[in-house]
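The following exercises are to be worked with the sequence and the coordinates at hand. Each task is followed by a solution in steps.

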Amino acid sequence: MTKGDNQSVQVFDVRGTCQPDSLKKSLIEMSLTAELSGRTKRGLYHVVINPRPREDRLMTKAQWHRAAEIIERKRGLTGHKRVMVLHRKKNRYHMHVAWERYNHDTGLMNCNKHSNYDLKHCRRTMEIEFGHKLTAEKNNERALLKELLPNLFAQHPTGRGFQQAVEKAGYTLAIQKHRRPYVIINRKGRSFELVKEIPKVRTRQVREKLKGLNLPDKNEIIDAIRERENSRRHNKTREQIASDLKQTLTRDAGKSKSRGR
């Protein structure tokens, strides 16, 4: 959290320490409590919040605080001592956040298990809330949906609000002829039954929330996505053929000139 090769360093926030005016003393104070557990020497949980170029400059003070709040809620660090330091490096802003892992109420250290998975979920939540470009996910879509959809369902009391939040996350809310009629469809045309992805929520609850919405048919949405993808591949093939032909003609023309000499 020191300046190093950063262009600027700003102590953004210090919470809960005995000497909040001193970053160094606050970090030492937070680190030393690791000795109380007797099981680890790592007394801090540290993350870097690093938005994309241009998105970093749009982050407000409230959004930086909100980003830290999203992480600490997910990781069980709410109320723990915390420091936030804003860095500017190569004209980009990023935020270092460190929490004291020791819980003074329980006498236990916060567990570091599943940290990467939790942070991926936090990143997705931030991107949706702040209107940032969504990061492409790999092979863990079902797991992310089981985290994302319950939160969206709880946060948005109206069907329209929930539908808009789902669309913002990159999915389409649709309906099918089935005893579980509500589905969401990703950009590749894969569908997921909505009720299966929201634990402890029944079909009747979803039906009540979505009442009055004119949802598109599942098959029509999937067919449209597949047709668009096929058209895109076809156009790409035609463009590639044209490019190959142009290269061939250029090469042949060069050989002809060589022979003429």
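**Exercise 1. The environment of an arginine**

Task: Classify Arg66 as buried, partly exposed or exposed, and identify a salt bridge that it forms with Glu129 by its closest N and O atoms.

Solution.
Step 1. In this predicted model, Arg66 has a relative accessible area of 22%, so it is classed as partly exposed.
Step 2. Arg66 and Glu129 form a salt bridge in which the closest N and O atoms are 2.7 Å apart.
Step 3. Arg66 belongs to helix H4 and Glu129 to helix H5 (residues 115-130); the pair therefore ties together parts that are 63 residues apart in sequence.
Step 4. Glu129 is also partly exposed, at 34% relative accessibility.

**Exercise 2. A second partner within the helix**

Task: Determine how Glu69 and Arg66 are placed in helix H4 and how far apart their closest N and O atoms are.

Solution.
Step 1. Both residues lie in helix H4 (residues 61-75), 3 residues apart, which means a separation of about one helical turn.
Step 2. An α-helix has 3.6 residues a turn, so residues three or four places apart point the same way.
Step 3. Glu69 forms a salt bridge with Arg66, with 3.2 Å between the closest N and O atoms.
Step 4. The relative accessible area of Glu69 is 25%, which places this residue in the partly exposed class.

**Exercise 3. The packing of H4 and H5**

Task: Describe how H4 and H5 cross, and examine the salt bridge between Arg75 and Asp118.

Solution.
Step 1. Two packed helices are described by the angle between their axes and the distance between the axes.
Step 2. For H4 and H5, the axes come within 10 Å and cross at roughly 145°; the crossing is right-handed.
Step 3. Residues of H4 that make the contact include Arg66, Ile70, Ile71 and Arg75, and those of H5 include Asp118, Leu119, Cys122 and Glu129.
Step 4. The side chains of Arg75 and Asp118 meet in a salt bridge with an N to O distance of 2.8 Å.
Step 5. Since Arg75 is in helix H4 and Asp118 in helix H5, this pair ties together parts that are 43 residues apart in sequence.
Step 6. Arg75 and Asp118 are both buried.
Step 7. Elsewhere, Asp13, Arg15, Glu72 and Arg82 are joined into one network by salt bridges that share partners. The count of salt bridges comes to 16.

**Exercise 4. The packing of H6 and H7**

Task: Establish whether H6 and H7 are roughly parallel or roughly antiparallel, and list the buried residues of H7.

Solution.
Step 1. Helix H6 (residues 141-155) and helix H7 (residues 159-168) pack with their axes 9 Å apart, at an angle of about 150°.
Step 2. With angles over 145 degrees counted as roughly antiparallel, H6 is therefore roughly antiparallel to H7.
Step 3. H6 contributes Leu149, Leu152 and Phe153 to the contact, and H7 contributes Phe162, Ala165 and Val166. The crossing of H6 and H7 is right-handed.
Step 4. In H7, the buried residues are Gly159, Gly161, Phe162, Gln163, Ala165 and Val166.
Step 5. These buried residues pack against H6, strand E7 (172-175), E8, helix H8 (194-197) and helix H9 (203-209).
Step 6. Just after H7, Gly170 has a positive phi of about 100°.

**Exercise 5. A loop asparagine**

Task: Locate Asn186 and state which residues it touches, setting aside those up to four places away in sequence.

Solution.
Step 1. Asn186 lies in the loop between strand E8 (182-185) and strand E9 (191-193).
Step 2. Its relative accessible area is 8%, so Asn186 is buried.
Step 3. The side chain of Asn186 reaches the backbone nitrogen of Lys188 at 3.0 Å, and a polar atom of that side chain lies 3.0 Å from the backbone nitrogen of Gly189.
Step 4. Beyond four places in sequence, Asn186 touches Glu141, Gly170, Tyr171, Phe192 and Ile225.

**Exercise 6. A strand phenylalanine**

Task: Decide whether Phe12 is buried or exposed, and find its contacts beyond four places in sequence.

Solution.
Step 1. Phe12 is situated in strand E1 (residues 8-15).
Step 2. Phe12 has 14% relative accessibility and therefore counts as buried.
Step 3. The contacts of Phe12 beyond four places in sequence are Lys61, Trp64, His65, Met84, Val85, Leu86 and Met95.
Step 4. Phe12 and His87 are separated by 75 residues in sequence and by 9.5 Å in space, C-alpha to C-alpha.

Terms used
Residues numbered from 1 in each chain as written. Predicted model: local features only at pLDDT ≥ 70, side-chain atom pairs only at ≥ 80, totals over all residues. Heavy atoms only, no water. Helix = DSSP H or I, 4+ residues; strand = E, 2+ residues; numbered from the N terminus. Buried < 20%, exposed > 50% of the residue type's maximum accessible area, 1.4 Å probe, protein only. Polar contact = N/O pair within 3.5 Å; in protein donor to acceptor, adjacent residues only side chain to side chain. Contact = heavy atoms within 4.5 Å. Salt bridge = Lys/Arg side-chain N within 4 Å of Asp/Glu carboxyl O. Axes fitted to C-alpha atoms, helices over the stretch in contact; angles between N-to-C directions. Parallel < 35°, antiparallel > 145°, perpendicular 65-115°, else oblique. Left-handed = near helix turned anticlockwise from the far one by under 90°.
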